[in-house]
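Biologist: Could you take me through one part of this model at close range, and then work outwards from there? I'd like a connected account rather than a list.

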Amino acid sequence: MALVSTKKMFEMASKNGYAVGAFNVNNMEITQGIIAAIAEEKAPLILQVSRGARAYASNSYLKAIINVAVEENPDIPIAINLDHGDTFETCKQFVDDGFTSVMIDASKQPFDENIEVTKQVVEYAHARGVVVEAELGQLGGIEEDVVGVEDVSKHIADPDQAVEFVERSGCDSLAVACGTSHGAYKFKSEPKLAFDVIAEIGDRLPGYPLVMHGSSSVLREFVDLINKYGGDMPNAMGVPEKSVSRAAKMAICKVNIDTDLRLALTAKIRQVFAEKPGEFDPRKYLGPGREAIKEMVKHKLQVLGCAGKASECM
Ligand code: G3H
Ligand code: 13P
Ligand code: ZN
């Protein structure tokens with residue numbers, strides 16, 4: 001099976017109350033770790049590439065790695081998504097390069113301008129069989145290529161605007177700011193998500209797929225390993241897994257995870273370096289890192305409820 005769009009995955013996720021994991025990839029080991037988990041758990045999969053990932057690894061390397069994953073797993077539906085496309089031109093490039101889904105993130109722009117650019121991407125992508133994710137409201141946190149707002153609680157998506165946005169732009173899925181942030185420092189005090197907003201948008205757009213960015217749980221076991229072996233990540237905090245599960249049972253059909261992959265890989269590499277200071281063969285630390293990603297992703301698929309759902313999404 002070739003790469004697929006997210007259409008069928010979202011239809012089934014919405015109908016059956018689960019979410020599909022969208023994992024960011026930057027290199028071979030990260031991709032292999034995710035794929036190994038997916039193959040064992042028989043889950044649908046969205047692999048996503050940010051502009052930063054593409055700048056780091058180049059589109060041809062990333063696409064070649066992903067193509068091998070697709071060829072080797074013909075019974076698993078795999079979509080490939082541009083994460084946080086910033087302009088029409090960026091999205092156009094990724095559509096032209098064979099991505100099956102693109103995200104246009106014009107959430108920093110005023111409402112009408114966000115709709116305008118999203119509409120433009122939708123027209124171009126739909127004419128080529130590609131689906132479009134857009135974003136409303138703003139997330140916090142800072143990644144290499146994605147800069148968020150300081151106080152997420154002031155930028156939660158507005159349900160009236162969400163309904164109007166979907167109707168006017170024609171986007172296929174909508175990322176709604178609901179209190180999450182990118183990165184490893186999501187909350188200063190108790191984690192709080194706007195479940196009321198997710199519920200209201202879900203009620204007013206029945207069956208429509210919503211997306212939750214910034215969904216890493218910043219798993220304690222990895223933060224502790226990092227800190228134990230020379231790292232410095234005080235006050236790291238993510239979205240509790242029970243909140244992720246709750247959102248996945250609601251209208252959230254796609255859950256974005258990058259930070260948890262980074263933490264798993266870094267924790268393992270730090271552990272190997274600390275325990276075997278003489279080790280200099282990259283396979284001996286990237287291998288355990290890849291294995292840690294696999295086990296972490298297998299666990300995530302249970303949290304999202306999408307394990308075992310690959311065949312219904314074909
Ligand atoms: O949304 C942000 C993702 O974690 C991608 O981050 O721009 O550092 O690749 P990046
Ligand atoms: P995390 O930083 O929580 O993994 O979020 C990733 C993300 O939203 C990518 O778009
Ligand atoms: Zn994001």
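Modeller: Happy to. When I say that two residues touch, I mean that they have heavy atoms within 4.5 Å of each other. Keep in mind too that this is a predicted model.

Let's take D172 as the part to look at closely. You'll find D172 in the loop between α7 (159–169) and β6 (173–176). Is D172 buried or exposed? D172 counts as buried because its relative accessible area is 18%, and the cut-off for buried is under 20%. Leaving aside residues up to four places away in sequence, D172 touches K7, H126, V131, V132, Y208 and P209. Two of those neighbours also turn up in polar contacts. With H126, the link is side chain to side chain, at 2.7 Å. With V132, the side chain of D172 goes to the backbone nitrogen, again at 2.7 Å.

Now step back into α7, the helix on one side of that loop. E164 sits in helix α7, and it is partly exposed because its relative accessible area is 33%. The C-alpha atom of E164 is 9.4 Å from that of I115, although 49 residues separate the two along the chain.

From there, have a look at the ligands. Around ligand 1 there are 11 residues, and S50, H84, E144, D258 and R262 come nearest. The side chain of S50 places an N or O atom 2.6 Å from an oxygen atom of ligand 1. D258 has a side-chain N or O atom at 2.7 Å from a ligand 1 oxygen, while for H84 a polar side-chain atom lies 3.3 Å from an oxygen of this ligand.

D258 takes us straight on to ligand 2, since D258 is listed among the closest of the 15 residues surrounding ligand 2, along with D83, K186, S216 and T259. Which part of D258 lies 2.6 Å from an oxygen atom of ligand 2? Here the backbone of D258 supplies the N or O atom, whereas towards ligand 1 the side chain of D258 does so. G183 also uses a polar backbone atom, 2.8 Å from an oxygen of ligand 2. H213 comes in through its side chain, with an N or O atom 3.1 Å from a ligand 2 oxygen.

T259, one of the closest residues to ligand 2, falls within helix α11 (residues 259–275). That helix packs against α12 (residues 282–304) at an angle of about 140 degrees, and the two axes are 8 Å apart. The crossing of α11 past α12 is right-handed. On the α11 side the contact includes L261, L265, I269 and F273, and on the α12 side Y285, I293, M296 and V297 are among the residues met. Sorted by class, the contact has 13 nonpolar, 1 polar and 5 charged residues.

Last, two backbone spots to check by eye. V218 isn't a glycine, yet it has a positive phi of about 50 degrees. V218 is in the loop between β7 (210–212) and α9 (220–228), and V218 counts as buried because its relative accessible area is 5%. K42 is the other one, with phi near 50 degrees, a positive value in a residue other than glycine. K42 lies in the loop between α2 (28–41) and β2 (45–50), and at 38% relative accessibility K42 is partly exposed.

How values were computed. Residues numbered from 1 in each chain as written. Chains lettered and ligands numbered in written order. Predicted model: local features only at pLDDT ≥ 70, side-chain atom pairs only at ≥ 80, totals over all residues. Heavy atoms only, no water. Axes fitted to C-alpha atoms, helices over the stretch in contact; angles between N-to-C directions. Helix = DSSP H or I, 4+ residues; strand = E, 2+ residues; numbered from the N terminus. Left-handed = near helix turned anticlockwise from the far one by under 90°. Nonpolar A, V, L, I, M, F, W, Y, C, P; charged D, E, K, R; others polar. Buried < 20%, exposed > 50% of the residue type's maximum accessible area, 1.4 Å probe, protein only. Polar contact = N/O pair within 3.5 Å; in protein donor to acceptor, adjacent residues only side chain to side chain. Near = heavy atom within 4 Å.
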